[in-house]
Amino acid sequence: YGFDASNRSAAIDIKRQPTLGMYQPDAIATYEVNGQQYIVTANEGDARDYDGYSEEDRVGDLVLDPSIFPDADFLQEDENLGRLNTTLANGDIDQDGMHEIIYSYGARSFSIWDENGNQVYDSGDEFEQKIAELDPDHFNSTNDDNDSFKNRSDDKGPEPEAVTIAVIDGEVYAFIGLERMGGIMVYNVSDPRAPYYVSYTNNRNFAVDAETNAAGDLGVEDLLFIAASDSPTGDPLLVSANEVSGTISLFGFSDATTTVSRSSSEEAKTDIYLEGLYPNPFTTHFN
């Protein structure tokens, strides 16, 4: 799949690179379809970087095997792969001091696996593609700076962090929280082998300083679904806990009919869309 690999290139540049992404999920959820269990992973990625040991390095600092990477000088420019965070623990297959494989942390996606560990679906580069379409001015921003366009492209992109599963009106949905860019991706996963994108909601205000309360939710860390039967309002709710802003937000749902172009014979489907509650934070009331 494609991804934007540099925080030094001027424009969004999602393309395939000679790299492999390590899934390294953060949150994991499960659900059942026709008696079969499926595992959903938010593929954030993370490096081992401690006082006594660190595997983290940048591609620009690797010695690349010229038989595998004849264009190493070009690849290792900062505008290409040079800034990409990689690992020293893997990739030097024959231990000759030269890397034959370049790895990146995380896959910038979410995946579905069957109960035997076989991958049946991966969202690939769709998160970055959707953000580039819906909010290009803040693409791959970090979560504590509202003027940080492409800041995380050399690391783990939007960083899928949180995931929870919900059944609403007979349809199964996955909600995936993006730790850095912020916001929640919604996918219909009723068919584990053919999920499809539904919506993206980001309760973040990029127009103000990220250190102010008006910035909204920064750093989605966890998501919790409250079914209608357990909800104080009688309607389902989605709760997000946000690490950087220290906020908790509740989202309701609205119905919207959309045509899903997965096959010509398929009819329009009704899906749910998140609606934010505001203001955040609030003192005496919220809408």
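Hi everyone, let me start with strand 12, residues 196–201: five of its six residues are buried, so the strand is largely enclosed by the rest of the structure. Please keep in mind that this is a predicted model.

What does strand 12 pair with? Its partner is strand 11; the two run antiparallel and are joined by five bridges. If you want to find the pairing on screen, look for Val186, which stands opposite Ser199 in strand 12.

Now follow strand 11, residues 184–188, to Asn188. Is Asn188 buried or exposed? With a relative accessible area of 2%, Asn188 is buried, because the cut-off for that is under 20%. Its side chain has polar partners there: one contact, at 3.0 Å, goes to the side chain of Glu171, and another, at 2.9 Å, goes to the side chain of Ser190.

On to the nonpolar side of things. The largest nonpolar core has 27 residues, and those touching the most other members are Tyr31, Phe110, Ile112, Ile176, Met185, Tyr187 and Val189. Several elements give two or more residues to this core, including strand 2, strand 7, helix 3 and strand 11. Strand 10 provides the largest share, with four residues. A second core, of 16 residues, lies apart from that one, and among its members are Ile168, Tyr173, Leu238 and Phe253.

Let me finish with Phe110. Leaving aside residues up to four places away in sequence, its contacts include Val40, Tyr121, Phe127, Ala174, Ile176, Tyr187 and Val189. Polar residues also feature among the contacts of Phe110, including Asn43, Asp122 and Ser123.

Thanks, and I'm happy to take questions!

Key:
Residues are numbered from 1 along each chain as its sequence is written. This is a predicted model: local features need pLDDT of at least 70, side-chain atom pairs count only at pLDDT 80 or more; totals for chains, interfaces and linings use all residues. Side-chain values use heavy atoms; hydrogens and water are left out. Buried means under 20% relative accessible area, exposed over 50%, partly exposed in between (1.4 Å probe, protein chains only). A polar contact is a pair of N or O atoms within 3.5 Å; within protein, one must be able to donate a hydrogen and the other to accept it, and residues adjacent in sequence count only if both atoms are side-chain atoms. Two strands pair if DSSP finds at least two bridges between them. A nonpolar core is a set of buried Ala, Val, Leu, Ile, Met, Phe, Trp, Tyr and Cys residues joined through side-chain atoms within 4.5 Å. Contact means heavy atoms within 4.5 Å.
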